[in-house]
Amino acid sequence: MPRYLNIAMGQLGPIQRTDSRSQVVARLCDLMRQAHALGAQLIVFPELALTTFFPRWYIADEAELKQYYEREMPSAATLPLFNLARELGMGFYLGYAELAHEGGAELRYNTSILVDRAGAIVGKYRKVHLPGHREHEPWRRFQHLEKRYFTPGPGFGVTQAFGGIVGMALCNDRRWAETYRVMGLQGAELVLIGYNTPVHNAPAPQHDDLSLFHNALSMQAGAYQNGCWVVGVAKAGLEEGVDSIGGSCIIAPSGEVVARCHTKDDEMAIARIDLDFCAVYKRTTFNFDLHRQPHAYGLIVERKGETLSADGTPL
Ligand code: CDT
């Protein structure tokens, strides 16, 4: 008996600075209703899905900056989404900026949550790979200040939910092989990833034309090499003058894209996935227990960067 899950992508078009959380939550609810009408049990929303992508600005005023973070979840503004989820019996993944209080300190994370079909938060993930820079760099067309506005999260866990083993990641995490492998080693069958990816990458503008290719390449490799389903969902389109890619997609453990959004607006797309389809990869080509050689991988955790001698040869 296959373990089917009807999973939807709730891709968002742009959110402008003046759009209120209530307006955005109404859009998320609309996507959730559309997904439910087609039989979805789970819908995946993007990274930082409640506001505009504020790391594009250097914001010196703390009070202004703090407006972009959530102090509680659900909040008054997001409660309608939780209520709708409960009413429809739909789960969801949602990315947002989190203001947390831990041990007397205030910490800021780029966070995602997994909410079950009863409207309860059953998983929380804090982004590990924070891209961009920490200081104001006026030479850029726009900033990417995630390193300034967030603290890296502790790591990649998995949750038993929706009849399978579910992991979460956020945006830049999807480019790193380690992200998928750490979850793969915990048996992940489904990895959910929200993203905001500007088409233009200031330090490497020669990559701009490859943005969509790199998006698919990373997630397809992660799915295949770990025998899991991957669902990547964008906030897309022209937001405050910055164009971001769409390309939201659902990828099978074979590495094949089985569903894809085709616009850069609010768009719902759905697939019926079989979580048992992971097993044929996990038991054969990527049977970790049988084929991995951890004795040869020590450098992955011992070293952070490449280490070369003065003449450029490997040490
Ligand atoms: N949000 C996010 O992580 N975006 C990055 C942009 C990289 S360029 C600094 C990404 O990897 O898509």
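**A ligand shell and two open sheets**

The shell around the ligand is made up of three nonpolar, six polar and five charged residues. Here Ala, Val, Leu, Ile, Met, Phe, Trp, Tyr, Cys and Pro count as nonpolar, Asp, Glu, Lys and Arg as charged, and the others, Gly among them, as polar. This is a predicted model, in which local features need pLDDT of at least 70 and side-chain atom pairs count only at pLDDT 80 or more, while totals for chains, interfaces and linings use all residues. Residues are numbered from 1 along each chain as its sequence is written, and side-chain values use heavy atoms, with hydrogens and water left out.

Start at the ligand. Of the 14 residues around the ligand, Lys127, Cys171, Asn172, Arg175 and Thr197 come nearest; a residue is near if one of its heavy atoms lies within 4 Å. Polar contacts follow (pairs of N or O atoms within 3.5 Å). The side chain of Thr197 places an N or O atom 2.6 Å from an oxygen atom of the ligand. For Arg174, the distance from a side-chain N or O atom to a ligand oxygen is 3.4 Å. Glu146 has a polar side-chain atom 3.0 Å from a nitrogen atom of the ligand. Taken alone, the ligand exposes 360 Å², and the protein buries 90% of that. These areas come from the Shrake-Rupley method with a 1.4 Å probe.

Now turn to the sheets. Strands are DSSP runs (E, at least two residues), numbered from the N terminus. Two of them pair if DSSP finds at least two bridges between them.

One open sheet has six strands in the order 5-4-3-2-1-14, with mixed pairing. Strand 5 (121-126) and strand 14 are its edges; each has a single partner strand, so one side of each is left without a neighbour in the sheet. The twist averages 35° from one strand to the next. Angles run from 0 to 180 degrees between N-to-C directions, with axes fitted to C-alpha atoms.

Look closer at this sheet. Strand 1 (residues 4-11) runs antiparallel to strand 14, and eight bridges join them. Gln11 stands opposite Glu267 of strand 14. Six of the eight residues in strand 14 (residues 267-274) are buried, meaning under 20% relative accessible area. Strands 3 (residues 91-102) and 4 (residues 105-115) are antiparallel too, over eleven bridges. There, Gly95 has Ser112 in strand 4 as its bridge partner.

Another open sheet of six strands has the order 6-7-8-9-12-13, again with mixed pairing. Strand 6 (158-161) and strand 13 (257-260) are the edges, each pairing on one side only. Within this sheet, strand 9 (residues 229-234) pairs antiparallel with strand 12 (residues 249-251) over three bridges. Val230 is matched with Ile251 in strand 12.

Conventions. Buried means under 20% relative accessible area, exposed over 50%, partly exposed in between (1.4 Å probe, protein chains only). A polar contact is a pair of N or O atoms within 3.5 Å; within protein, one must be able to donate a hydrogen and the other to accept it, and residues adjacent in sequence count only if both atoms are side-chain atoms.
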